[in-house]
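Colleague: I've got a new structure open and no idea how to read the side chains. Can we go through it together?

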Amino acid sequence: GGWTEGLAAANSSVTYRFHAPMAGFVKADDAGLIPEGPPLFGFTKRYVKPGCMDDLASSFQTASDLWRVKVPGILGASVLRDPDHADRVHDLRLFANHDAYLKHTDKSDDALTAAMGVWFANYDTSRPFIGEIYAPDPNDERLHKSSVTSSPAPPIGLTSFRLGAPEMLGPIPTGEQRKA
């Protein structure tokens with residue numbers, strides 16, 4: 001709640017982009033079942049194969065339903081259509097901690113691995129996945145490669161930030177940069 005067009009009008013120096021989710025979930029409260037942090041979260045942009053957007057949404061929801069039940073530490077996952085590129089989505093993942101990130105791609109879980117394979121097959125892996133990841137250890141190599149497939153692996157172009165570090169949010173834009 002609270003993220004509305006009215007909020008956007010309140011501060012004209014910020015550009016707000018409201019995206020409608022295609023699939024996924026955000027946990028409101030798991031009655032104390034959410035593990036301790038520190039959290040890890042990622043925001044990526046990924047290209048989808050032509051004509052596969054509906055299949056991507058459906059298969060992402062299948063994977064999300066499994067994550068929600070099987071991984072208490074995954075707090076949210078969502079794909080949202082990019083309003084400027086018909087064949088691109090924004091992928092948002094929120095984890096209570098690094099262990100939850102690792103468990104969300106647990107290769108020992110056959111149902112989860114199969115669901116993720118079906119979902120991932122909708123991506124155009126010839127184009128890079130780009131975005132940001134915020135983690136306690138952003139240098140962990142597992143954060144910078146595909147957790148679903150190794151062949152053909154998409155190019156990964158993530159900017160990493162150490163959670164809690166002074167530079168975590170990057171440089172604050174100047175007035176001229178805000179106008180651009």
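Modeller: Let's start with one spot: Arg-127 lies over the face of Tyr-47, 3.5 Å from the ring centre. For a charge to sit over a ring, NZ of Lys or CZ of Arg has to be within 6 Å of the ring centre and within 35 degrees of the ring normal. Keep in mind that this is a predicted model, where local features need pLDDT of at least 70 and side-chain atom pairs count only at pLDDT 80 or more, while totals for chains, interfaces and linings use all residues. Residues are numbered from 1 along each chain as its sequence is written, and side-chain values use heavy atoms, with hydrogens and water left out.

Colleague: What is the mean pLDDT of the protein chain?

Modeller: pLDDT is the predictor's confidence in each residue, from 0 to 100. The protein chain has a mean of 81, and 74% of its residues reach 70 or more. Among its elements, H2 has the highest mean pLDDT, 96, and helix H5 (residues 175–179) the lowest, 46. Where pLDDT is low, the predicted coordinates should not be read in detail.

Colleague: How many helices and strands does the protein chain have?

Modeller: There are 5 helices and 6 strands. Both are DSSP runs numbered from the N terminus: helices are H or I with at least four residues, strands are E with at least two. Starting at the N terminus, the elements run α-β-β-α-β-β-α-α-β-β-α.

Colleague: Back to Tyr-47. Is Tyr-47 buried or exposed?

Modeller: Buried means under 20% relative accessible area, exposed means over 50%, and partly exposed is in between (1.4 Å probe, protein chains only). Tyr-47, in strand E2, counts as buried at 13% relative accessibility. Its partner Arg-127 is partly exposed, at 31%. Across the 180 residues of the protein chain, 34% count as buried.

Colleague: Which residues is Tyr-47 in contact with, leaving aside its neighbours within four places in sequence?

Modeller: Contact means heavy atoms within 4.5 Å. Tyr-47 is in contact with His-85, Asp-87, Arg-88, Tyr-123, Asp-124, Arg-127 and Pro-128. Take Asp-124: it is 77 residues from Tyr-47 along the chain, yet their C-alpha atoms are separated by 5.5 Å. Long-range links show up in the chain totals too. Among contacts between residues at least 6 apart in sequence, 75% join residues at least 24 apart.

Colleague: Now the charges. How many salt bridges are there?

Modeller: Side chains of opposite charge can pair when their charged atoms come close. The rule is a side-chain nitrogen of Lys or Arg within 4 Å of a carboxyl oxygen of Asp or Glu, and the count here comes to 6 salt bridges. One joins Arg-127 to Asp-87, at 3.3 Å from N to O. Arg-127 is in the loop between H4 and E5 and Asp-87 in the loop between E3 and E4, so this pair ties together parts that are 40 residues apart in sequence.

Colleague: And what does Asp-91 form with Arg-46?

Modeller: A salt bridge, with the closest N and O atoms 3.8 Å apart. Asp-91 lies in strand E4 and Arg-46 in strand E2 (residues 40–47), so the pair connects parts 45 residues apart in sequence. Both Asp-91 and Arg-46 are buried, and a network of salt bridges links them with Arg-93. The charged end of Arg-46 also sits over the ring of Tyr-123, 5.4 Å from its centre.

Colleague: How many aromatic pairs are there?

Modeller: Rings of Phe, Tyr and Trp (its six-membered ring) pair if their centres lie within 6.5 Å; planes under 30 degrees apart are stacked, over 60 edge-to-face, and the rest tilted. The count comes to 12 aromatic pairs. The ring centres of Phe-60 and Trp-67 are 5.7 Å apart and their planes are at 80 degrees, so this pair is edge-to-face. Phe-120 and Phe-129 are also edge-to-face, at 5.8 Å and 65 degrees. Phe-60, Trp-67, Trp-119, Phe-120, Tyr-123 and Phe-129 form one aromatic cluster.

Colleague: Which residues touch the most other members of the largest nonpolar core?

Modeller: In soluble globular proteins, nonpolar side chains tend to be buried together. A nonpolar core is a set of buried Ala, Val, Leu, Ile, Met, Phe, Trp, Tyr and Cys residues joined through side-chain atoms within 4.5 Å. The largest one here has 27 residues, and Leu-56, Trp-67 and Tyr-123 touch the most other members. H2 gives the most to this core, with 5 residues.
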